Every structure is written in C-alpha cells, then in structure tokens.
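The following note sets out several points for a reader who is beginning to study protein structures. Please keep the sequence and the model in view while reading.

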Amino acid sequence: MQPEVDRIAQPWGERTPYDRDGTWPVRVDSYLEPGMTADAVERWVPTASILHSNGDALDVAVAGDRIVGVRGRAGDRVNHGRLGPKDLFGWQANHSRDRLTTPLVRSGDRLVPCDWDTAMERIVARTRELLDDQGPDALGFYTSGQLYLEEYYTLSVIAHAGIGTNHLDGNTRLCTATAAEALKQSFGCDGQPASYADIDHADVIALFGHNMAETQPVLWMRVLDRLAGTDPPRLVCVDPRPTQVARHATVHLAPRAGTNLALLNALLHEVIRTDRVDHAFVAAHTVGFAELAERVADRTPEWAADICDVPARSLREAAEIVGGAERLLSTVLQGVYQSHQATAAACQVNNLQLIRGMLGRPGCGVLQMNGQPTAQNTRECGANGDLPGFRNWQNPAHVADLARVWNVAPSRIPHDAPPTPAMEIFRKAEQGSIRMLWISGSNPAVSLPELRRVRAILGQPRLFTVVQDLYLTETARLADVVLPAATWAEKTGTFTNSDRTVHHSDKAVDPPGDARPDLDIWLDYARRMDFRDRDGQPLVGWHDAESAFTAWQECSRGRPCDYTGLSYERLRDADGIQWPATPANPDGTERLYTDGITWAAPDACESYGKDLATGDPASEAAYRQLNPEGRAVLRSAAYVPPREAPDAAYPLQLTTGRTLYHFHTRTKTGRVPQLNAAAPEVWVELSATEARRHGVAEGDLVEVASLRGSVRGRLRITDIRDGMVFLPFHYGYWDTHQGAGPDGTAGRAANETTVTDWDPVSKQPLYKTAAARLTLVEPAHGAPSPAPTTTASAPTDPHAAPPTRGGPSAVAEQRLG
Ligand SMILES: Nc1nc2c(c(=O)[nH]1)N[C@H]1C(S)=C(S)[C@@H](COP(=O)(O)OP(=O)(O)OC[C@H]3O[C@@H](n4cnc5c(=O)[nH]c(N)nc54)[C@H](O)[C@@H]3O)O[C@H]1N2
Ligand SMILES: Nc1nc2c(c(=O)[nH]1)N[C@H]1C(S)=C(S)[C@@H](COP(=O)(O)OP(=O)(O)OC[C@H]3O[C@@H](n4cnc5c(=O)[nH]c(N)nc54)[C@H](O)[C@@H]3O)O[C@H]1N2
Ligand SMILES: [Mo]
C-alpha cells in the first residue's frame with residue numbers, strides 16, 4: 001500500500017480486500033497541516049465526523065490551542081481507521097477568518113455587533129411580548145441535524161414544555177423525515193434495524209436512490225473492499241445517474257425520477273410470483289401480506305418498464321438477484337426520500353426485506369439511512385417535533401410519562417395535533433401567525449425549495465428571526481439577531497450516526513471570540529425566561545453537557561433508544577456504542593428485531609400509522625384492529641404519476657443532489673481549499689443525446705429554468721439518463737463576487753428552481769422531481785465544466801475535462817493497522 005495518496009484524486013484510498021464473514025481490515029488515514037508532524041501534536045482528542053451521517057471516528061490533533069489535523073480511529077466499529085475527503089480536510093473551516101465572533105442585532109438595514117446581554121435580552125423581550133399578545137403558537141423553532149444530542153434535548157424541553165409550542169422542527173424534515181416515517185409505518189417505531197457490519201455478511205446489497213460512494217465514502221470503502229475480495233456481493237443500484245455505485249453494480253436500474261414506487265411494486269411482484277417468500281417469517285412477524293400480494297398481483301416488470309423507462313428484463317434480473325439472495329441488505333436515501341411517493345416507496349423496501357425474512361440476522365437488514373451527522377438525535381430528542389424518546393403523541397399514557405419525566409402537567413405539552421412540519425412552519429411565518437422564528441444550524445435561504453419565496457418570508461419586517469450559526473450565511477443576513485455559535489471540536493457532547501452508534505466528543509479547542517456552544521445559548525435563554533416545573537424548580541435543571549446527557553438518559557429510560565447503560569466516562573474510553581445500551585446490556589445492540597418485532601404493539605408504538613396516499617394519521621382503534629399483536633406492517637400503495645411532469649415548455653425532468661467534495665450549502669466545505677478547488681462552481685449535467693438535442697456542448701454556460709426561477713452553470717455531459725437534468729444544490733450566493741445576486745437572477749442555487757411540494761406522509765420536500773427547460777447562454781470557447789471527474793459527474797468523454805486532482809496539499813497518509 002502507498003503510504004501517501006492524493007485523497008481528492010483518489011477519494012476512497014487504496015483497497016484492503018476481505019471476504020464474506022471476514023473482518024474488515026484496519027487502515028488508518030490521517031492528515032496533518034503542512035509543516036506539522038505527529039511529534040509536534042500536543043494532544044489527540046477523540047470525536048467523530050459531522051459532515052455526513054456515517055459517524056467516522058477520528059482524533060483531532062491539537063497544537064497551540066489550534067486544530068492541526070485528524071487521524072482515523074483504528075478500533076472504532078464504524079470506520080476501522082478510514083476517513084473520507086471531507087473528514088480529512090473539512091476541519092479547516094473552523095479556522096476561517098470570517099467566523100462570527102460576537103452577536104449581531106439589526107439596526108435598520110444593518111447588523112451591528114453587540115454583547116450577549118443585549119442580544120439575549122432582545123430575544124427574551126420579543127418572546128415575552130408574543131407570549132402575552134398571541135400565545136405560544138406565535139413562536140417557531142427550526143433547528144438542525146448537525147448539533148449535539150444534549151443541545152437538541154434542551155431545545156426540545158424549552159419548546160415543548162417551556163414555551164408550549166408545537167412549532168418545532170429540524171432540517172431533518174428535508175433530510176430523514178421519510179426514514180423515520182417509513183420505520184414507524186413498518187415497525188411501529190423509529191430506530192435503524194440493521195448495522196453497518198451487515199456489509200461484511202451480505203451476498204446482495206441493494207441501494208435505492210443512495211449515492212453511497214459520494215455521501216458516505218467510508219461505508220463505500222467497506223463495500224469496495226468486499227467487492228475486491230474473493231466472494232464479492234452483488235450490487236443492485238436504483239439511480240437515474242451513473243454514480244460510482246451504479247458503475248459497480250451487477251444491475252443498474254436508471255428509472256425516470258419519481259417512479260420508485262412502480263419499480264418496487266414490480267420487484268415485489270416478481271419475488272412473490274416466483275415464491276421467494278419466507279412464509280414462516282411472514283406468518284410469525286407481519287400483518288398485511290394478502291393485501292400486498294393483491295396490490296402487486298398485476299404489477300409486472302412489463303407494466304413498470306413503461307412507467308420507469310427501464311427494460312423489463314433488467315427489472316426481472318434485479319428481482320432474481322434480490323429474490324435469490326441468501327443475505328440481503330438494502331439501503332435507502334434521498335433518491336427515495338426526496339422523490340415522489342417517498343414514504344410509500346421507502347416502505348416497499350422494508351416490505352422486500354420482510355417478505356424475504358431478511359431481518360435481524362448478520363447480513364440481513366434494511367438501512368433507512370440518515371443524511372446528517374446527528375439527525376438521529378434530532379429525532380430521538382423530539383427536536384423534530386415528535387415527543388422525545390419515540391413517545392407517541394396520540395397515546396395519553398406516553399404524554400403522561402413524558403410529563404412525569406419533566407415534572408409538568410401533561411396539558412403543558414402540546415399533543416392535540418401532529419407536530420408542525422418545517423414547510424408548514426415557514427408557511428405560518430409567511431401568513432403571519434408565527435411572528436418569531438429561531439433558526440439554529442441551518443441555512444434555509446439556500447436549502448429550502450423555491451428560494452424566492454423563502455427570501456420573502458425571512459425578509460418580512462413583521463417576522464422576528466434569530467439565526468444561530470458560525471458564519472454570516474445567506475439566512476443570517478436576513479436575521480434580526482445573529483448569535484455566534486461554537487461548533488464541533490469547540491464544544492462537548494454526544495451524537496449518534498445512522499446505525500445507532502453513539503460517539504462522544506470533548507471540547508478540543510476554544511471557539512473564536514465570544515462564540516458559545518448552542519447548549520450554553522439555550523441554557524441562558526431558559527434561565528432568562530425562568531421556565532419552571534410544577535414544583536417551582538427550574539424546568540431545565542442542568543447546567544452543562546454532561547448534566548444534560550444525564551437528564552436525557554432519564555428521558556430515554558425504557559424507551560427503544562435507551563441510553564441508560566452509557567456515560568461520558570464510558571464513551572470517553574470506548575469506541576462507538578450502539579443504542580439501546582442499558583445497565584444490563586452496556587455494550588449496546590448491534591441489530592434490532594433479532595427476536596421478533598419489539599415496538600409495534602399498540603401500547604408501545606410511536607405511531608399508529610398513516611394513510612400512505614393521503615398522510616392522514618390512523619386512530620388508535622384502527623391500529624389496534626390492524627395490528628393487535630404488534631407485528632411489522634406490510635403497507636402497500638398504488639403508483640400515481642409525479643405531480644410536476646415535463647411538458648412542451650419545460651421538457652426536462654429536473655433533479656438535484658450532492659457531490660462528494662461539498663457539504664450542503666458549503667458554509668464549511670466552501671471555506672476549505674482542497675474541497676473547494678475540487679468543485680469550485682455550480683454545473684449542469686445532461687446526457688450526450690440531450691445535449692445534441694439542445695445544441696449545447698461541454699463547458700457551455702447554460703440556464704436551467706423552472707416555473708419558479710433559474711440557475712446558470714457550465715454544462716457537463718455525462719451518462720445521466722436522457723430527458724433528465726441534474727443540478728448540485730450546494731452553491732448559494734455568499735461569495736457574491738461570483739456575480740450571483742440574492743434576487744435569484746443568474747442564481748447559482750438549485751433551489752431557485754425546485755418546487756414547494758412534499759410527501760403527504762413524511763412532509764419531506766420533493767427536491768428530486770420537477771420540470772425544467774435548458775437554454776444556451778454562452779458557448780464554452782474550450783473551457784470545460786468545473787464538475788469533478790471522479791464522481792457521478794464524470795464526463796462521458798474522458799478527455800473532455802482534466803482529471804480532478806488535489807495536488808500536494810491534498811496528500812494524506814494511509815497506513816495498514
Ligand atoms: N459529500 C456529501 N456527503 C453527504 C452530504 C453532502 O452534502 N455531501 N450530505 C449528507 C446528507 S444530509 C444527506 S441527506 C445524504 C444524502 O445522500 P444521498 O441520498 O446519497 O445523496 P443525493 O445526491 O441527495 O441523492 C442520491 C441519488 O438520488 C438519485 N435520484 C434522484 N431522483 C431519484 C429518483 O426519483 N429515484 C431514485 N431511485 N434515485 C433518484 C440521484 O441521482 C442521486 O445520485 O448525504 C450525506 N452525506
Ligand atoms: N435542492 C436540494 N435541496 C436540498 C437537498 C437536496 O438534495 N436538493 N437536500 C436537503 C437536505 S437532505 C438537507 S440535510 C438540507 C441541508 O440544509 P441546511 O440545513 O441549510 O444545510 P447546511 O448548509 O449544512 O446548514 C447548516 C448551517 O449550520 C451551521 N452550523 C454548522 N455547525 C454548527 C453548530 O455547531 N452550531 C450552529 N449553531 N450552527 C452550525 C453551518 O454554518 C450552516 O450554515 O438541505 C436540503 N436541501
Ligand atoms: Mo440531509
């Protein structure tokens with residue numbers, strides 16, 4: 001193995017092959033800033049990556065109270081030492097000279113620096129005024145999937161029981177609301193059934209709308225290392241773009257966007273027709289098989305082939321592979337969650353696992369993936385609006401139990417209506433019923449759909465907005481109060497990845513200037529607001545991260561996400577531990593549902609389910625009738641076409657997504673030289689056939705327009721399916737020198753074009769299906785598109801653009817363990 005690799009040019013590093021049921025070899029990746037040596041590092045502080053949901057464990061190298069590099073943790077179950085490009089280089093964003101260092105308050109059209117007292121008193125005064133005049137419904141909180149568990153729990157207590165508003169949600173609504181909902185629909189409760197270790201044991205891995213190579217590169221290294229072994233798993237990839245996953249797949253199905261449900265119904269049809277059903281498992285652990293079989297009885301591959309524009313023989317081949325698997329692992333992400341019929345389709349993947357009896361055993365399971373690093377915690381702490389600890393808001397016993405934990409009257413916790421989803425919170429702000437919106441750890445002025453509308457909402461004088469961030473983002477610029485936050489490595493806390501692995505992270509260095517941890521900001525707010533419990537004691541009775549964690553442990557006791565077997569001390573010593581972890585089971589739980597379905601019984605479940613077509617919540621009585629014994633529910637649904645279809649004026653299907661080198665709205669990765677240089681500007685992807693049809697060529701400046709707005713970028717010709725155009729959604733307008741204006745003219749943000757529409761069940765916005773047209777603005781004159789060549793945006797003609805390289809500054813170490 002090469003000791004050093006350019007990890008921009010070779011994002012996945014070198015292969016360490018292994019065989020089925022073997023142990024994934026250790027490979028320790030590390031990067032220190034130029035001039036730094038391991039000897040000069042003063043201390044290594046254990047933590048995990050927060051630039052995706054994988055939870056890659058790493059140590060932060062510190063010298064002179066600065067971060068000087070990172071090193072993967074060899075012993076951790078998640079990554080066995082490996083790091084991805086964002087893990088290796090992303091920490092440099094902490095040091096950006098334009099970090100916020102003091103609070104800012106609005107004075108006319110300017111934001112002026114002030115001290116913490118002034119900023120917090122402004123927020124408190126507005127809160128009290130609104131509570132007096134309008135009541136708790138005038139306040140909304142919109143948080144993140146990137147903070148720490150202790151922070152979400154504190155915010156959740158403040159919003160639910162302090163203020164008493166139902167308007168609390170996370171950007172997890174844009175991200176993993178469908179994952180949570182699909183788990184609730186099928187298993188009665190949130191909680192990831194499978195484990196990353198299932199990659200070691202599976203003989204078939206099916207990825208549905210999941211570009212794992214770019215969005216969880218370390219997990220993809222695990223797959224690549226299995227593929228390099230002597231008995232590689234077969235991959236099935238469902239994605240309209242030629243991702244690295246697709247290029248490594250035995251069968252790649254590239255459907256029309258928005259047709260996942262039709263495709264999955266056809267796969268289920270074939271598995272049932274060929275009787276690859278585990279009837280004993282189905283009889284013991286599920287309800288709804290007859291309805292499912294009936295629903296897909298005439299959903300043949302030929303039927304789906306028309307809808308999806310995928311050959312029937314490929315569908316049959318895919319069904320043969322998943323139907324014949326000895327151990328099947330499926331993963332699902334945004335190509336399903338943000339696409340048409342999101343929850344209905346995600347549930348069909350659960351159904352596939354269930355009817356094949358592929359659950360709760362090594363190599364057998366489903367990963368309804370998370371996206372953000374701490375989205376799991378947003379959900380379990382109830383900062384997504386649900387009740388903490390996966391309690392059921394429709395179940396009075398669950399509400400009473402939570403009221404007991406918080407020592408408040410049950411009536412103080414809003415529960416007579418479903419929690420307000422993010423898109424509805426913004427609509428209420430638009431219509432004027434929400435008058436104060438506190439945004440933490442999110443940049444909705446770039447990440448929400450239909451940005452012209454979002455800017456108008458946030459720009460209203462009558463809406464008081466608080467933005468808590470590291471930088472003066474597009475959103476912060478529209479705020480009334482801006483609070484400077486400390487971030488990862490500058491504060492202490494815990495967080496949980498996609499496969500329930502909990503990592504602890506100690507403060508490694510001081511935050512810049514007066515920046516404070518989000519936890520401290522909310523503790524300060526709770527103190528100033530003087531929230532009390534029913535005995536007159538402080539409602540928020542904790543004072544730092546560890547005492548917040550202890551409070552959360554009590555809230556999680558006896559719940560599916562039980563943390564009572566963990567402690568800061570244990571987490572500091574140990575590598576990651578998967579919840580539930582109880583005193584009786586302190587080393588945690590590799591897989592859920594190893595012995596039947598445990599949280600679906602009517603008295604235990606987090607949700608009574610929803611209608612997959614309308615999203616209407618079912619009643620307790622209906623659920624008791626459907627599932628009295630608490631089995632998995634096989635929920636079926638009929639395909640209907642996407643709502644915004646291409647037409648003569650907007651003939652292309654528009655989809656959006658990610659690239660390997662950037663994270664979201666680039667507030668961090670745009671400030672990291674190696675990552676920014678790898679993908680410095682927005683681009684537009686089109687197939688060669690479509691490019692000819694439109695009279696455009698590689699590198700041409702083109703405009704992509706929808707009914708909402710437009711984006712300009714340079715064209716990259718790839719093997720994406722015909723009829724589709726792809727835009728990465730990372731590029732906002734914070735570097736206004738690039739010529740992009742906040743009015744959306746010549747915009748760079750994909751969300752200028754996306755549609756205000758959401759899945760009826762999960763309420764997750766649909767970023768993956770809209771209609772658009774493409775026009776030439778200016779020919780290339782020979783300059784290629786800035787899109788990376790190492791990823792899904794690789795050019796069809798390999799000579800069309802110079803290969804993406806990082807050069808000397810991107811060379812990282814890799815060492816066999
Ligand atoms: N590098 C990087 N990694 C990240 C992030 C990042 O910003 N950058 N963000 C993190 C977060 S928060 C998330 S949520 C995850 C997201 O991770 P992914 O879901 O893997 O990423 P996306 O690019 O959003 O979408 C995945 C794929 O969906 C496909 N797709 C589009 N429409 C459809 C459709 O209708 N059907 C199907 N089957 N596929 C479709 C797209 O072609 C795309 O390749 O990544 C996490 N990791
Ligand atoms: N078109 C399109 N749009 C999309 C998507 C898509 O695929 N296509 N994907 C959606 C998905 S899955 C997601 S997750 C969202 C992401 O959308 P956003 O939530 O807007 O994503 P970020 O850019 O990560 O914003 C996080 C903000 O938090 C700040 N931050 C980072 N760490 C901390 C901290 O410790 N404390 C505080 N207070 N702030 C911090 C960052 O500087 C940044 O401004 O975008 C969604 N939007
Ligand atoms: Mo996400």
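1. Serine 687 touches Ile717, Thr718, Ile720, Arg721 and Asp722, when residues up to four places away in sequence are left aside. The model in which these contacts are found is a predicted one. Serine 687 belongs to strand β24, which covers residues 683-687. Is this serine buried or exposed? Its relative accessible area is 3%, and buried means under 20%, so serine 687 counts as buried.

2. A second buried position is leucine 483, which is located in strand β18 (residues 481-484). Its relative accessibility is 0%, and it therefore counts as buried. Beyond the residues up to four places away in sequence, leucine 483 touches a set of residues that includes Pro103, Trp116, Ala119, Met120 and Ile123, as well as Trp438, Val466 and Ile521. Gln468 and Asp469 are also among its contacts. Although leucine 483 and threonine 101 are 382 residues apart along the chain, their C-alpha atoms are separated by 8.8 Å.

3. Strand β23 (residues 652-657) deserves separate attention. Why is it described as largely enclosed by the rest of the structure? The reason is that 6 of the 6 residues of β23 are buried. Leu652, Leu654 and Thr656 point one way from the strand, whereas Gln653, Thr655 and Gly657 point the other way; all are buried.

4. The pairing of β23 may be considered next. With strand β28 (residues 770-778), β23 runs antiparallel, and 3 bridges join the two. Leucine 652 stands opposite alanine 772 of β28. With strand β27 (residues 724-728), β23 pairs in the parallel sense over 5 bridges. Here glutamine 653 has methionine 724 in β27 as its bridge partner.

5. Ligand 1 has 32 residues around it, and the closest are Asp239, Gln334, Ser339, Arg658 and His662. Divided by class, this shell holds 7 nonpolar, 19 polar and 6 charged residues. A polar side-chain atom of arginine 241 lies 3.3 Å from an oxygen atom of ligand 1. Glycine 335 places a backbone N or O atom 3.0 Å from a nitrogen atom of the ligand. Threonine 655, one of the buried residues of β23, has a polar side-chain atom 3.4 Å from a nitrogen atom of ligand 1. On its own, ligand 1 has 900 Å² of accessible area, and the protein covers 100% of it. Which elements give two or more residues to the shell around ligand 1? They are α6 (212-215), α14 (334-337) and β23.

6. Ligand 2 is surrounded by 34 residues, of which Asn171, Ser447, Asp469, Asp518 and Thr665 come nearest. Asp469 is also one of the residues that leucine 483 touches. By class, the shell around ligand 2 contains 10 nonpolar, 18 polar and 6 charged residues. An N or O atom in the side chain of serine 447 is 2.6 Å from an oxygen atom of ligand 2. A backbone N or O atom of alanine 486 lies 3.5 Å from an oxygen atom of this ligand. Asparagine 751 has a polar side-chain atom 2.8 Å from a nitrogen atom of ligand 2. Taken alone, ligand 2 exposes 920 Å², and the protein buries 99% of that area.

Technical notes: Residues are numbered from 1 along each chain as its sequence is written. Chains are lettered from A and ligands numbered from 1 in the order in which they are written. This is a predicted model: local features need pLDDT of at least 70, side-chain atom pairs count only at pLDDT 80 or more; totals for chains, interfaces and linings use all residues. Side-chain values use heavy atoms; hydrogens and water are left out. Helices (H or I, at least four residues) and strands (E, at least two) are DSSP runs, numbered from the N terminus. Buried means under 20% relative accessible area, exposed over 50%, partly exposed in between (1.4 Å probe, protein chains only). Contact means heavy atoms within 4.5 Å. Two strands pair if DSSP finds at least two bridges between them. A residue is near a molecule or strand if one of its heavy atoms lies within 4 Å of it. A polar contact is a pair of N or O atoms within 3.5 Å; within protein, one must be able to donate a hydrogen and the other to accept it, and residues adjacent in sequence count only if both atoms are side-chain atoms. Accessible areas come from the Shrake-Rupley method with a 1.4 Å probe; for residues, only the protein chains shown count as cover. Ala, Val, Leu, Ile, Met, Phe, Trp, Tyr, Cys and Pro count as nonpolar, Asp, Glu, Lys and Arg as charged, and the others, Gly among them, as polar.
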